[in-house]
Amino acid sequence: MVREITIGQYYHADSVIHKLDPRVKLMGTLIYVIGLFVVNNALGYLVVAITLGTVIGLSKVPIKFMVRGLKAVMIVLLLTVSLNLFLTPGIQVVHFWIFTITMEGIKASAYMAIRLVLLIMGCSVMTLTTTPNHLTDGLEKGLKFLEVFRIPVHEIAMMMSIALRFIPILLEETDKIMKAQAARCADFESGGIIKRAKSMVPILVPLFVSAFRRANDLAMAMEARCYRGGKGRTKMKPLKYTGRDYAGYILMAVFMAITIFVAIYGTLPFENF
């Protein structure tokens with residue numbers, strides 16, 4: 001399960017999406033998330049899904065690699081869908097014990113499941129096609145105007161980059177600890193929820209120790225290299241927009257216009273039940 005998480009990992013490939021400026025990908029992800037929450041009907045979700053599928057195809061990231069990342073959040077997904085299914089009032093369809101399923105609940109839970117899946121996969125595209133260094137440069141460059149308000153943009157971008165970089169490292173460390181504990185006859189699968197939670201203690205303690213040790217080593221390495229923040233620092237490879245980056249911004253505007261139009265006027269026949 002630990003190895004199924006794809007957020008924070010980078011997938012190397014020679015694609016148009018990989019070559020885009022990180023600022024374009026950051027803005028594209030923001031526009032995508034806004035569009036995903038703007039749409040409120042099946043046609044809108046279909047438009048978003050087709051857009052995401054096109055981007056994934058252009059990125060040359062295997063679709064099975066992205067679908068695999070959904071397994072790690074399946075519990076959250078099922079919990080969210082269940083709450084919408086049983087707690088949404090409306091026209092009753094099924095009633096058993098203390099649970100009531102309504103037509104509106106079925107619709108809300110279906111839309112919520114689709115939205116969460118598209119959200120996770122869409123956000124994963126950015127991290128899978130952008131290295132942490134490029135992501136830091138894109139954040140710092142794109143949020144440069146906030147320095148007028150004395151906001152430490154460079155430090156915020158650096159923290160986010162380190163956090164993303166540490167995700168796959170901590171996942172690998174967790175996998176090693178679990179295998180080491182399993183070799184010592186530790187059982188993580190059998191028993192109820194309480195027993196499984198207690199069995200996680202031998203994993204969490206060494207994991208936290210390892211995380212703090214890595215953080216301390218990173219801080220010492222940065223100090224040894226005389227790191228003092230972003231003021232006065234230059235870039236070996238400064239970010240520059242190209243023709244495909246401007247084309248990306250145009251496509252974002254088109255996507256946003258289509259999602260708003262579909263959200264207002266687009267409905268499919270089966271939605272009017």
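The numbered points below comment on a predicted model of a single chain.

1. Overall architecture. The chain contains 11 helices and two strands. Read from the N terminus, its elements follow the order α-α-α-α-α-β-β-α-α-α-α-α-α. The C-alpha trace extends over about 65 × 60 × 40 Å along its principal axes.

2. Burial and surface. The chain has 273 residues, of which 34% count as buried. It exposes about 17200 Å², and carbon and sulfur atoms supply 70% of that area. Among contacts between residues at least 6 apart in sequence, 76% join residues at least 24 apart.

3. Geometry of helix α3. Helix α3 covers residues 42-59, which makes 18 residues. At 1.5 Å a residue the expected span is 26 Å, and the C-alpha atoms at its ends are 26 Å apart, so expectation and model agree. Just after this helix, Lys60 adopts a positive phi of about 65 degrees.

4. Environment of helix α3. The buried residues of α3 are Ala42, Gly44, Tyr45, Val47, Val48, Leu52, Ile56 and Ser59. Their cover includes α1 (16-19), α2 (22-38), α4 (63-68), α6 (103-129) and α11 (243-265). Two of these buried residues, Leu52 and Ile56, appear again among the contacts of Met121.

5. Met121 in helix α6. Met121 belongs to helix α6. Its relative accessibility is 9%, so Met121 counts as buried, the cut-off being under 20%. With its neighbours within four places in sequence left aside, Met121 is in contact with Leu52, Ile56, Ile63, Met66, Val67 and Leu70. From Met121 to Gly53 the C-alpha to C-alpha distance is 9.8 Å, although 68 residues separate the two in sequence.

6. Aromatic pairs between and within elements. The structure holds four aromatic pairs. In one of them, Tyr45 and Tyr111 lie 5.1 Å apart centre to centre with 50 degrees between the planes, a tilted arrangement. Tyr45 is part of helix α3 and Tyr111 part of helix α6, so this pair ties together parts that are 66 residues apart in sequence. Both Tyr45 and Tyr111 are buried. Another pair is formed by Tyr241 and Tyr246, which counts as tilted because the planes stand at 50 degrees, with ring centres 5.6 Å apart. Tyr241 is partly exposed, at a relative accessible area of 29%. Tyr241, Tyr246 and Tyr249 together form one aromatic cluster.

7. Nonpolar surface patch. Ile91, Val93, Val94, Phe96, Trp97, Ile98, Met103 and Ile106 make up a nonpolar surface patch of about 790 Å². Strand β1 (92-96) and helix α6 each supply at least two of its residues. The greatest contribution comes from β1, with three residues. Phe96, one of the patch residues, is located in strand β1. With a relative accessible area of 38%, Phe96 is partly exposed.

8. Salt bridges early in the chain. Five salt bridges are found in a search of the whole structure. One of them joins Asp14 and Lys19, whose closest N and O atoms are 3.2 Å apart. Asp14 counts as exposed, at 53% relative accessibility, whereas Lys19 is partly exposed with a relative accessible area of 46%. A further salt bridge is that of Arg23 with Asp21, where the closest N and O atoms are 3.0 Å apart. Here Arg23 counts as buried at 12% relative accessibility, and Asp21 counts as buried at 5%.

9. A salt bridge between helices. Glu173 forms a salt bridge with Arg214, and the closest N and O atoms are 3.1 Å apart. This pair links distant parts of the chain, with Glu173 in helix α8 (residues 153-183) and Arg214 in helix α10 (residues 201-224), 41 residues apart. Glu173 is buried, with a relative accessible area of 17%, while Arg214 counts as partly exposed at 32% relative accessibility.

10. Points to view together. Helices α3 and α6 are linked in this note by the Tyr45 and Tyr111 pair. Helix α6 is also listed among the elements that cover the buried residues of α3. The same helix, α6, supplies at least two residues to the nonpolar patch.

Terms used. Residues are numbered from 1 along each chain as its sequence is written. This is a predicted model: local features need pLDDT of at least 70, side-chain atom pairs count only at pLDDT 80 or more; totals for chains, interfaces and linings use all residues. Side-chain values use heavy atoms; hydrogens and water are left out. Helices (H or I, at least four residues) and strands (E, at least two) are DSSP runs, numbered from the N terminus. The expected span of a helix is 1.5 Å times one less than its number of residues. Buried means under 20% relative accessible area, exposed over 50%, partly exposed in between (1.4 Å probe, protein chains only). Contact means heavy atoms within 4.5 Å. Patches are made of residues with over 30% relative accessible area and no salt bridge: like charges are joined within 9 Å, nonpolar side chains (Val, Leu, Ile, Met, Phe, Trp, Tyr) within 5 Å. Accessible areas come from the Shrake-Rupley method with a 1.4 Å probe; for residues, only the protein chains shown count as cover. A salt bridge is a side-chain nitrogen of Lys or Arg within 4 Å of a carboxyl oxygen of Asp or Glu. Rings of Phe, Tyr and Trp (its six-membered ring) pair if their centres lie within 6.5 Å; planes under 30 degrees apart count as stacked, over 60 as edge-to-face and the rest as tilted.
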